[in-house]
Amino acid sequence: DVVSVDYLQLLQTGGMDGQGEIQAMRRIALGRTSQDLHDIAQEQGVALWTAYQANRIGITKMRGTIDGTGVLDVTDYAEAIDAAWPAAVIVSVNQSAVEAPNSTGRLFLAENRGGPSVRTMNVRLDWATSSVRDA
């Protein structure tokens with residue numbers, strides 16, 4: 001059993017006054033919601049999958065790599081530091097404009113719980129069948 005939340009940033013957080021505090025309060029609220037979802041999933045014995053979109057820095061990072069070698073890590077996701085903290089594994093699918101015509105790309109994998117297990121793997125992406133294969 002898997003619970004999918006696509007995606008957490010769509011949740012609205014109320015009671016935020018003042019332009020300067022909105023981003024910090026939203027980030028904290030999303031972090032708390034992420035932790036609550038993680039706790040519920042553990043209590044129920046189900047896997048939890050949550051999708052995030054890239055933030056502006058992440059999008060700029062991908063567009064700025066001519067050779068397509070950039071990968072998005074946890075800091076490149078919108079409001080992700082707090083929201084990703086309870087995650088056991090973080091995966092990003094990376095495909096540059098150079099890679100897209102060849103159906104190639106990269107997966108960034110980070111394991112939060114077992115130490116600094118971080119790697120990037122080259123993959124073949126088939127968007128028509130939503131499949132990822134080892135390149």
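**Entry 1: the whole chain**

I count a residue as buried when its relative accessible area is under 20%. With that cut-off in hand I looked up the whole protein, which is a predicted model, and noted that buried residues make up 31% of its 135 residues. The protein exposes about 8,800 Å², and I recorded that carbon and sulfur atoms supply 54% of that area. For the fold I listed three helices and six strands, which run β-α-β-α-α-β-β-β-β from the N terminus on. Taking contacts between residues at least 6 apart in sequence, I found that 42% of them join residues at least 24 apart.

**Entry 2: confidence**

Before going to single residues I checked the pLDDT, which averages 76 over the protein, with 76% of the residues scoring at least 70. Which elements have the lowest and the highest mean pLDDT? I found the lowest, 68, in helix H3 (residues 80–84), and the highest, 85, in strand E5 (residues 117–126). I keep in mind that where pLDDT is low, the predicted coordinates should not be read in detail.

**Entry 3: strand E3 and its partner**

I then turned to Ser 92, which has its place in strand E3 (residues 89–94). Is Ser 92 buried or exposed? Its relative accessible area is 2%, and because the cut-off for buried is under 20%, I entered Ser 92 as buried. The side chain of Ser 92 is joined to that of Asn 94 by a polar contact of 2.9 Å.

Looking along E3, I saw that Ile 90, Ser 92 and Asn 94 form a covered face, while Val 89, Val 91 and Val 93 form an uncovered one. This fits a rule I wrote beside the entry: in a regular strand the side chains alternate between the two faces of the sheet. E3 and E4 run antiparallel and are joined by six bridges; I also looked up Val 91, and its bridge partner in E4 is Leu 109.

**Entry 4: Glu 111 in E4**

Staying with strand E4, which spans residues 104–111, I looked up Glu 111 in it. The relative accessibility of Glu 111 is 36%, so I entered this residue as partly exposed. I also noted that Glu 111 and Ala 87 are 24 residues apart along the chain, with 8.3 Å between their C-alpha atoms.

**Entry 5: residues in loops**

Which residue did I look up in the loop between helix H1 (19–44) and strand E2 (47–50)? It was Gly 45, which is exposed because its relative accessible area is 64%. From Gly 45 to Val 2 I recorded a C-alpha to C-alpha distance of 9.3 Å, for two residues that are 43 apart in sequence.

Next I looked up two serines for their backbone angles. Ser 103, in the loop between E3 and E4, has a positive phi of about 55° although it is not a glycine. I entered Ser 103 as partly exposed, because its relative accessible area is 32%.

Ser 130 lies in the loop between E5 and strand E6 (131–134), and its phi is near 50°, again a positive value in a residue other than glycine. With a relative accessible area of 66%, Ser 130 went down in my notes as exposed.

How values were computed: Residues are numbered from 1 along each chain as its sequence is written. This is a predicted model: local features need pLDDT of at least 70, side-chain atom pairs count only at pLDDT 80 or more; totals for chains, interfaces and linings use all residues. Side-chain values use heavy atoms; hydrogens and water are left out. Helices (H or I, at least four residues) and strands (E, at least two) are DSSP runs, numbered from the N terminus. Buried means under 20% relative accessible area, exposed over 50%, partly exposed in between (1.4 Å probe, protein chains only). Contact means heavy atoms within 4.5 Å. Accessible areas come from the Shrake-Rupley method with a 1.4 Å probe; for residues, only the protein chains shown count as cover. pLDDT is the predictor's confidence in each residue, from 0 to 100. A polar contact is a pair of N or O atoms within 3.5 Å; within protein, one must be able to donate a hydrogen and the other to accept it, and residues adjacent in sequence count only if both atoms are side-chain atoms. Two strands pair if DSSP finds at least two bridges between them.
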